[in-house]
Amino acid sequence: MPNTDEAIRPILSHNIPIVWGDIADGIEAVRAKAGIDDPEQIFRRLCRSEAFLFFVPEGFFILLPVYRQVPSVLVWVAYSKGTGLIGKYLPKIESLARDIGAEQLEFTSDRPGYRRAFRDWQRTGQRYIRRLS
C-alpha cells in the first residue's frame, strides 16, 4: 500500500520486529477496550505483508485487506493518544484502500460509542461497512 501523505508513514514488513515494542502497548489498549485479535496473529500477519502498519503523529493504524465477494479493507487496529484518529485519517485510509482495488472499508467493534462515529456506515451487529465510491 503506497504512502499518500507525509503524516502517514507506512512501516515495511521487515521493520515490524523493530517497531513492535513501540506499538505493543497501543495494541493491548485497543484489545482491552475492543476485543481485537491476538497480538501474535497481528504481528505474524504484519511480518508476512498480509496486513499493513501506518504510523501517524497521534498513534498508528493497521489495515488488513479482506477478500470476500467484495474486496474490502478492514481497519483492524486504530490507536491514538487523542481522539478522532479514524475520522481525521479516513480520507487517506479510503485512498489507500482504493489503491489496492478495495470497494469497501470495514470496522468491527462492540463499543457503543462507535455507533455515533460511524452513523453514516452500514452496521450489522458489531460490523460497520462503508462502500467506497
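Does Glu-94 count as buried or exposed, and at what relative accessibility? Keep that one in your heads for a moment, and I'll answer it once we've found where this residue sits. Hi everyone. One thing before we start: what you're looking at is a predicted model.

So, back to Glu-94. You'll find it in helix H3. Its relative accessibility is 12%, and the cut-off for buried is under 20%, so Glu-94 counts as buried. Who does it touch? If we skip the neighbours within four places in sequence, Glu-94 is in contact with Leu-105, Arg-130 and Leu-132.

Okay, let's zoom out to the whole chain. There are four helices and seven strands. Going along the sequence, the pattern reads β-α-α-β-β-β-α-β-α-β-β. The C-alpha atoms fill a box of roughly 35 × 30 × 25 Å along the principal axes. A compact globule with 133 residues would have a radius of gyration near 14 Å, and this chain has 14 Å, so the two agree. Buried residues account for 41% of the 133. And here's a nice one about contacts: take those between residues at least 6 apart in sequence, and 55% of them join residues at least 24 apart. As for the accessible surface, that comes to about 7400 Å², with 47% of it belonging to carbon and sulfur atoms.

Now the sheet. In what order do the seven strands line up? It goes E1-E2-E3-E4-E5-E7-E6, in an open sheet with mixed pairing. At the edges you have strand E1, residues 9-11, and strand E6, residues 122-124, each pairing on one side only. From one strand to the next, the twist averages 30 degrees.

Let's walk through part of that sheet. Strand E2, residues 52-56, runs antiparallel to strand E3, residues 59-67, and five bridges join them. Together E2 and E3 make a hairpin, with two residues between them. If you want to spot the pairs on your screen, Val-56 has Gly-59 in E3 as its bridge partner, and Phe-54 has Phe-61.

Next step over, E3 to E4: this is antiparallel again, with nine bridges. Here the hairpin connection goes through three residues, and the bridge partner of Tyr-67 is Pro-71 in E4. E3 is also mostly covered, with eight of its nine residues buried.

Then comes E4 with E5, and this pair is parallel, over three bridges. Look for Leu-74, which stands opposite Glu-106 in E5. E5 is mostly covered too: four of its five residues are buried.

What lies across these strands? Helix H2, residues 39-47, lies across E2, E3 and E4, running at about 120 degrees to E4. Helix H3, residues 85-99, lies across E2, E3, E4, E5 and E7, at about 150 degrees to E4.

That brings us to the inside. As a bit of background, nonpolar side chains tend to be buried together in soluble globular proteins. Here, which residues of the largest nonpolar core touch the most other members? They are Phe-61, Leu-63 and Leu-105, out of 22 residues in that core. E2, E3, E4, H3 and E5 each supply at least two residues, and H3 gives the most, with seven. Phe-61 is a good one to click on: leaving out residues up to four places away in sequence, its contacts include Ile-8, Phe-52, Val-77, Tyr-89 and Leu-96. There's another core apart from this one, with 21 residues, among them Ile-16, Trp-20, Phe-60 and Ile-62.

Last stop, two loop residues. Ser-49 is in the loop between H2 and E2. In general, most residues other than glycine have a negative phi. Ser-49 isn't a glycine, yet it has a positive phi of about 60 degrees. Its relative accessible area is 36%, so it's partly exposed.

The other one is Gly-125, in the loop between E6 and E7. With a relative accessible area of 54%, it's over the 50% cut-off, so Gly-125 counts as exposed. Gly-125 and Ser-109 are 16 residues apart in sequence, and 8.9 Å apart in space from C-alpha to C-alpha.

That's my tour. Thanks for listening!

Notes: Residues are numbered from 1 along each chain as its sequence is written. This is a predicted model: local features need pLDDT of at least 70, side-chain atom pairs count only at pLDDT 80 or more; totals for chains, interfaces and linings use all residues. Side-chain values use heavy atoms; hydrogens and water are left out. Two strands pair if DSSP finds at least two bridges between them. Axes are lines fitted to C-alpha atoms, for helices over the stretch in contact, and angles run from 0 to 180 degrees between N-to-C directions. Contact means heavy atoms within 4.5 Å. A nonpolar core is a set of buried Ala, Val, Leu, Ile, Met, Phe, Trp, Tyr and Cys residues joined through side-chain atoms within 4.5 Å. Buried means under 20% relative accessible area, exposed over 50%, partly exposed in between (1.4 Å probe, protein chains only). The radius of gyration is taken over C-alpha atoms; the globule rule is 2.2 Å times the number of residues to the power 0.38. Accessible areas come from the Shrake-Rupley method with a 1.4 Å probe; for residues, only the protein chains shown count as cover.
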